[in-house]
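Me: I would like to go through this model with you, beginning with how its helices pack. Could you set out the terms before we start?

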Amino acid sequence: MTATKKMAPPQSYGVAGDKPWILPPHKPIQFINANLIDPVDGKVIEHARVTAVGGRITRLTARTSVEGDKSDEENTAVVDLKGKYMSSRLNNLAHPQFLDEELQAMVRTAASFDTDVTAHAYTVRAMRHIIDNGVLGIEHGNFLDRELAELMVEKGIFLTLTLVTHDAMSIPPYNQFQDEDCAKKNAAILGSGLNALKIAHEAGVTMCFGSDLIAGMHQFQRKEFTIRSQVLPALGVLQSATVNCAKMLRREEEIGQVKEGFLADFIVLEKNPLEDIRVLDDNQNLLAVVKAEHIAFSSLEALPVSIERKPW
Ligand SMILES: [Zn+2]
């Protein structure tokens, strides 16, 4: 969702480690004249009204105009969005670390809980090994080739590359945590990532957006958008972070889109990411974060932060 910028002093709260969030009673939130991006087909829905109550989007209507809108009911925060717009040191990378029987036991156990297994693998040999044993998701996959990509499409295997992990591990201070062998492995992985991305895209593999960053490297998460923009069209990158992840989690009926009945989790941006997906890698473009209907972050005067959290 994108909006006109009405700057207020930024209010940002760190995520408290052991302190629960203190949530105020739910209040309805309405966004009027919002421009929504549909991640399924990439269309922009203009002049929409979004109402969220009880953590879910309860109403979504397209409007032709908001002139004279009188939505100022008690407990309703009305926001006018008139803008244009949302490592093991001992292992060779190619060596599978689990036996067929072990993988199959994991897959069967997960299935008994109505869920699936994803696995971290880089080489074709490692990926084929886990796919042959029923794993439905591959994390990384940096040495993907065309043949394996086609197999993934055929079997409906999800791919979550997370190239930023290896990018972050190559720069100080994080490169200091690797010995010489690990640094060589990381360089090889990093160098092949964009090629894997291109192959996966051309073959039509369903790609997701992961958070496989360790230690203090989570701060670089957004850079994945910029990295993927070198190869993928903006819509493809957006889908990988929204509807595709929802599908993988088997939650496509409640997350991944701003849609009636869906969870009221979304972000408000100043610039349209379909024009340049790299705006998602620039915190100056982030106007607000709505999480379960509560405002977790905001620089919009009309939309004050509604979650009280302990500072860092
Ligand atoms: Zn990993």
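Reply: Certainly. Axes are lines fitted to C-alpha atoms, for helices over the stretch in contact, and angles run from 0 to 180 degrees between N-to-C directions. Please keep in mind that this is a predicted model.

Me: Understood. At what angle do H3 and helix H5 pack, and how far apart are their axes?

Reply: The angle between H3 and helix H5 (residues 180-203) is about 45°, and their axes are 9 Å apart. H3 and H5 are therefore oblique to each other.

Me: Which residues make that contact?

Reply: On the H3 side they are Arg146, Ala149, Glu150 and Val153. H5 contributes Ile199, Ala200 and Ala203.

Me: And is the crossing of H3 and H5 left-handed or right-handed?

Reply: H3 passes H5 in a right-handed crossing.

Me: What about H2 against H3, at what angle do they pack?

Reply: Helix H2 (residues 124-132) packs against helix H3 (residues 146-155) at an angle of about 20°, and 11 Å separates their axes. Angles under 35 degrees count as roughly parallel, so H2 is roughly parallel to H3. The crossing of this pair is left-handed.

Me: Which side chains should I look at between H2 and H3?

Reply: From H2, the residues are Val124, Met127, Arg128 and Ile131. They meet Leu148, Leu151 and Lys155 in H3.

Me: Let us turn to the sheet. What is its strand order?

Reply: The order is E6-E7-E8, in an open sheet of three strands with parallel pairing. Strand E6 (118-121) and strand E8 (158-160) are the edge strands, each pairing on one side only. From one strand to the next, the twist averages 25°.

Me: How many bridges join E6 to E7?

Reply: Four bridges join E6 to strand E7 (residues 137-140), and the two run parallel. As one example, Ala121 has His140 in E7 as its bridge partner.

Me: Back to helices: how long is H1?

Reply: Helix H1 (residues 100-112) has 13 residues and reaches 18 Å from its first C-alpha to its last, close to the 18 Å expected at 1.5 Å a residue. H1 is followed by Asp114, which has a positive phi near 55°.

Me: Last topic, confidence. What is the average pLDDT of the protein chain?

Reply: The protein chain averages a pLDDT of 82, and 79% of the residues score at least 70.

Me: Where does pLDDT stay under 50?

Reply: One such stretch is residues 9-20, for which the model has 12 contacts beyond four places in sequence. Over residues 82-86 the pLDDT is also below 50, and this stretch has 19 contacts beyond near neighbours in sequence.

How values were computed
Residues numbered from 1 in each chain as written. Predicted model: local features only at pLDDT ≥ 70, side-chain atom pairs only at ≥ 80, totals over all residues. Pairing = 2+ DSSP bridges. pLDDT = per-residue confidence, 0-100. Contact = placed C-beta atoms within 7 Å. Expected span 1.5 Å × (residues − 1). Parallel < 35°, antiparallel > 145°, perpendicular 65-115°, else oblique. Left-handed = near helix turned anticlockwise from the far one by under 90°.
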